[in-house]
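Here is a short tour for anyone opening this one up for the first time. Have a look at the model, then read on.

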Amino acid sequence: MSAFVELFCGLGGVSESVRQFNCVHSDERALNVIRAVDINRDCAAVHEHNFGLAVDCRSLESMNLHEITATHPHQTWWLSPPCQPYCRRGRGQPQRDRRCDAIQAITRFLARSDTLPSVVILENVPEFASSQDAADLRKALGQREYATWSGDLCPTQFGVPNLRRRHYLIARRDAGEVASPRIAAPTRQWNFPIASILDEDAQTAPELWVDRAIVDSYRTSMDIVDPDDVSARAACFGSGYGKSIIRSGSYLRRGDRVRRFSPTEVARLLGFSPQFRFPDRIGVRRRWKMLGNSVSVFVVRAVLESASPAVARSAGPR
Ligand SMILES: C[S@@+](CC[C@H](N)C(=O)[O-])C[C@H]1O[C@@H](n2cnc3c(N)ncnc32)[C@H](O)[C@@H]1O
């Protein structure tokens, strides 16, 4: 099994992807999550509840990253740094945004350290690709002789009725080139309809229903999905779902009323398996927030497929 390190682990979308990846690859390609780091205690609690690994609840920029590389000779690092500094809504000046300190510290480590992970994978919003932080990271990886692939991927390219375009970068130190993730041939049908992810319990949850007056005011800007329409797809769910009415995710038409997707439904759309659960004490708003910061498990699995040959051979230079 190859050592896998989940940095900025959040609630564990990448650990969930690894768990599903390992169900298909119970061979030498299987991945073993040895470490997960996230500064947020709620995220750590959900991660631990599901994956049983004690999350290192610290800021990455305060850590000595040699601590991580010292434990296993060949490692894959997954990086999902905060996207708000780069995305249109939260756009500021990333170089002066403290939320970028951790990715900048990791880049400095990759540029200078004499012990390096064999594989580095990064996921972020598409706008990250044109940032100075991305340029610095690419430069460091190039200087340390990583081969890279980068591009934007969306679950819709994998037959999933959910928009979530994200930028991915795969870097391998033990191979001449990195294969791009395999995208499904386009068809006119989704792999599953929205109706199949509906949670019957959600119908009776009062906090999910949207007031008629709000629907009347925002009708033209809300993305309202009819689950009986097999061609329907949901918008990207962001961390503000349940707080902001527009541009934070889709709504469901149920008869003459409209309701939000429940956290269980959002998790299903992202590809989490039924065994994934939140601790009872985590309320619905915080569940939406964490899911909005998470990943499409469908896409991450495809990215792992592409990056895994390096993991399997694990014989490259350090
Ligand atoms: C985009 S989310 C990643 C989500 C994750 N991939 C998932 O599936 O839930 C970014 C995460 O980075 C964490 N984070 C932000 N700044 C951090 C820092 N300086 N050190 C460690 N973690 C940090 C946040 O708490 C958040 O959970």
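Let's begin where the two domains meet. About 2,100 Å² is buried between domain 1 and domain 2, and carbon and sulfur atoms give 55% of that; buried area here is the accessible area (1.4 Å probe) that two parts lose on being put together, summed over both. Keep in mind that this is a predicted model, where local features need pLDDT of at least 70, side-chain atom pairs count only at pLDDT 80 or more, and totals for chains, interfaces and linings use all residues. Residues are numbered from 1 along each chain as its sequence is written, and side-chain values use heavy atoms, with hydrogens and water left out.

So which stretches are we talking about? Domain 1 is 2-183 + 295-313 and domain 2 is 194-292, with bounds that come from an automatic or database domain assignment. To the contact (heavy atoms within 4.5 Å), domain 1 brings 25 residues and domain 2 brings 28 residues. The C-alpha centres of the two domains are 27 Å apart. Between them the count is 1 salt bridge, a term for a side-chain nitrogen of Lys or Arg within 4 Å of a carboxyl oxygen of Asp or Glu. Arg286 and Asp42 have side chains that meet in a salt bridge, at 2.7 Å from N to O.

Now for a helix. Helices (H or I, at least four residues) and strands (E, at least two) are DSSP runs, numbered from the N terminus. Helix α5 covers residues 132-143, and its 12 residues should span 16 Å at 1.5 Å a residue, which agrees with the 16 Å between its end C-alpha atoms; the expected span is 1.5 Å times one less than the number of residues. Asp133, Ala134, Leu137, Ala140 and Leu141 of α5 are buried, meaning under 20% relative accessible area, while exposed is over 50% and partly exposed is in between (1.4 Å probe, protein chains only). Down the axis of α5, the buried residues fall within an arc of 130°, so they line one face of the helix; the arc is that of the directions from the helix axis to the C-beta atoms. That buried set packs against α4, β4, β5 and β6. Lys139 and Gln143 are exposed on the other side of α5.

Last, some backbone angles. Most residues other than glycine have a negative phi. Here are two with a positive one:

| Residue | Phi | Loop between | Relative accessibility |
|---|---|---|---|
| Phe8 | near 60° | β1 (2-7) and α1 (13-24) | 14%, buried |
| Arg247 | about 55° | β7 (224-225) and β8 (251-254) | 68%, exposed |

Glu145, which follows α5, also has a positive phi, near 65°.
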